[in-house]
Amino acid sequence: MVPVIALVGRPNVGKSTLFNRLTRSRDAIVADYSGLTRDRKYGEAKWQGRTYIVIDTGGISGDEEGIDAKMAEQSLQAIEEADAVLFMVDSRAGMTAADQMIAEHLRKKNKCTFLVANKVDTVDPDIARAEFSPLAIGDAWPIAAAHGRGITALLQAALGEFPKDEVEEEEFPEGEAAEGAEGAAAAAPQKRLPGPDERTGIKIAIIGRPNVGKSTLVNRMLGEERVIVYDQAGTTRDSIYIPFERDDAKYTLIDTAGVRRRGKIFEAVEKFSVVKTLQAIQDANVVVFVMDAREGVVDHDLNLLGFVLETGRALVIALNKWDGMDNHERERVKTELERRLQFVDFADIHFISALHGTGVGNLYKSVQESFRSAVTRWPTSYLTQVLEDAVSVHQPPLVNGRRIKLRYAHLGGANPPLIVIHGNQVDAVPRAYSRYLENTYRRVLKLVGTPIRIEFKGGE
Ligand code: GDP
Ligand code: GDP
């Protein structure tokens with residue numbers, strides 16, 4: 001399960017600065033779903049082969065009244081959801097009453113907490129450490145978020161214990177370029193690419209905003225009697241993993257709606273949680289993204305879809321509640337989808353009714369196809385052939401009078417497929433050309449339902 005790190009502290013200590021640095025300003029998920037408090041931001045981050053989720057909180061200032069309520073509202077939730085808390089203080093400003101109050105709360109919580117003294121570019125780190133030692137949260141980690149100082153040591157402490165991701169994209173040794181495609185094929189250790197997992201089958205996460213029909217769909221897909229025991233104990237943060245079989249294929253459904261068996265029926269017992277959603281996306285092979293056709297595409301959908309795209313998971317889109325809509329409404333929704341979902345145009349879209357079961361069975365074909373696209377191991381010789389053909393149709397541009405040379409390609413990862421292209425002057429490959437190659441690979445390899453990553457590697 002992907003670890004979750006929460007940034008907590010009063011306003012202006014530098015939480016957003018650190019958040020942006022850690023997530024490298026990828027799109028943040030803003031939790032302003034109805035029923036949830038505003039102002040929490042969620043982002044995906046990577047550090048030394050570990051993917052983790054960072055939560056930024058708005059901040060707790062000592063001046064407001066009803067501080068406990070504030071705390072309870074959003075920072076508390078973030079603390080609850082987190083595996084580790086980075087409690088940030090401002091070295092320049094020194095210790096404040098608000099810091100002490102937050103510290104007291106965190107001590108009671110017994111969470112794994114790191115005291116982080118930010119802005120040590122303005123103050124001697126040792127003085128900062130001494131200043132905040134009365135907070136009794138342990139030794140402060142001195143950092144300067146704005147300048148990237150001290151962050152590696154902090155992350156080592158906060159994340160070092162968590163296991164690395166299964167796939168390490170950086171795994172392929174450099175320097176094999178001179179040997180050409182043949183040598184690269186031998187050098188590329190593809191054994192760590194994830195393939196179908198015998199135990200779980202295809203892991204499908206059912207994702208979507210509250211009330212779009214996730215639990216109804218889960219019930220539909222499981223058809224009640226197939227279910228083994230899954231009424232596992234867990235915190236509100238955990239999704240439920242439900243293994244099942246259909247047409248001799250194995251699947252595991254990752255249920256974020258928290259459907260539990262109650263007698264003969266299943267009902268949702270837990271509320272929507274962003275962390276649960278993000279972790280389920282990370283852990284899935286294929287995301288079935290559920291939207292409510294009656295509401296059309298709303299910003300929260302796009303926000304969550306952006307995160308799915310970022311993780312590179314295979315994607316199938318289900319427009320639910322298609323029942324009882326007239327033709328005029330349906331046309332309007334389809335036009336809107338075309339316009340607003342262009343950025344995920346690789347994904348199949350299904351129009352379904354989870355309530356009546358219409359179209360639900362068809363989801364499996366797309367799940368199978370997108371999974372196949374996401375995990376097939378294409379041989380180096382084939383990927384190189386596709387590259388050569390693409391280059392002969394449409395050459396890369398000249399840079400400083402020399403033509404960019406792309407020499408061979410191999411697979412560097414799966415789910416999403418990562419195609420590593422070796423050549424010269426690769427830093428100068430224009431985005432448009434990279435997109436041309438991506439489109440060519442997508443067409444030739446018949447990839448559906450999965451994003452593709454292209455990475456260039458230099459070397460004369
Ligand atoms: P937040 O309210 O806790 O999210 O704080 P921000 O990230 O918005 O930062 C508050 C202010 O502190 C901004 O003006 C930042 O530029 C500044 N700041 C953040 N990190 C550093 C740092 O490492 N050194 C210095 N000198 N200023 C910083
Ligand atoms: P969740 O919060 O995403 O798990 O959504 P639920 O499965 O609890 O569904 C929310 C509401 O939408 C419930 O009242 C469902 O009965 C209703 N609903 C779900 N699927 C459909 C559908 O396909 N058609 C219609 N008309 N209503 C649906």
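Which residue takes a positive phi just after H7? In this predicted model, the residue is Gly223, with a phi of about 55 degrees.

The overall make-up of the protein comes next. The protein has 13 helices and 20 strands. Its chain comprises 460 residues, of which 42% count as buried. Contacts were also sorted by separation in sequence. Among those between residues at least 6 apart, 74% join residues at least 24 apart.

Helix H7 spans residues 214-222. The helix is mostly covered, with 9 of its 9 residues buried. Lys214, Ser215 and Thr216 are among the buried residues. Leu217, Val218 and Asn219 are buried too, as are Arg220, Met221 and Leu222. Charged and nonpolar residues thus both appear in this buried set. An α-helix has 3.6 residues a turn, so residues three or four places apart point the same way. Gly223, with its positive phi, comes just after H7.

H7 also takes part in the surroundings of ligand 2. In total, 17 residues surround this ligand. Gly213, Lys214, Ser215, Thr216 and Leu355 are the closest. Helix H7 gives the largest share of the shell, 3 residues. By class, the shell holds 6 nonpolar, 8 polar and 3 charged residues. Lys214, Ser215 and Thr216, named among the closest residues to the ligand, are also among the buried residues of H7.

Strand S8 covers residues 202-207 and includes Ile207. Ile207 counts as buried because 28 C-beta neighbours lie inside 10 Å, and the cut-off for a buried residue is 20 or more. Beyond residues up to four places away in sequence, Ile207 touches Thr256, Thr277, Ala280 and Ile281. The same list of contacts includes Val287, Val288, Phe289 and Val290, as well as Leu304. Ile207 and Asp301 are 94 residues apart in sequence. In space, their C-alpha atoms are 9.9 Å apart.

A further pair of strands was examined. Strand S1 (residues 4-8) and S4 run parallel. They are joined by 4 bridges. Within this pairing, Ile5 stands opposite Val54 in S4. Strand S4 covers residues 50-56. Of its 7 residues, 5 are buried, so S4 is largely enclosed by the rest of the structure. In a regular strand the side chains alternate between the two faces of the sheet.

Key
Residues are numbered from 1 along each chain as its sequence is written. Chains are lettered from A and ligands numbered from 1 in the order in which they are written. This is a predicted model: local features need pLDDT of at least 70, side-chain atom pairs count only at pLDDT 80 or more; totals for chains, interfaces and linings use all residues. Helices (H or I, at least four residues) and strands (E, at least two) are DSSP runs, numbered from the N terminus. A residue is buried if 20 or more other C-beta atoms lie within 10 Å of its own, exposed if 12 or fewer, and partly exposed in between; C-beta atoms are placed from the backbone. Two residues are in contact if their C-beta atoms, placed from the backbone, lie within 7 Å. Two strands pair if DSSP finds at least two bridges between them. A residue is near a molecule or strand if its C-beta atom, placed from the backbone, lies within 6 Å of it.
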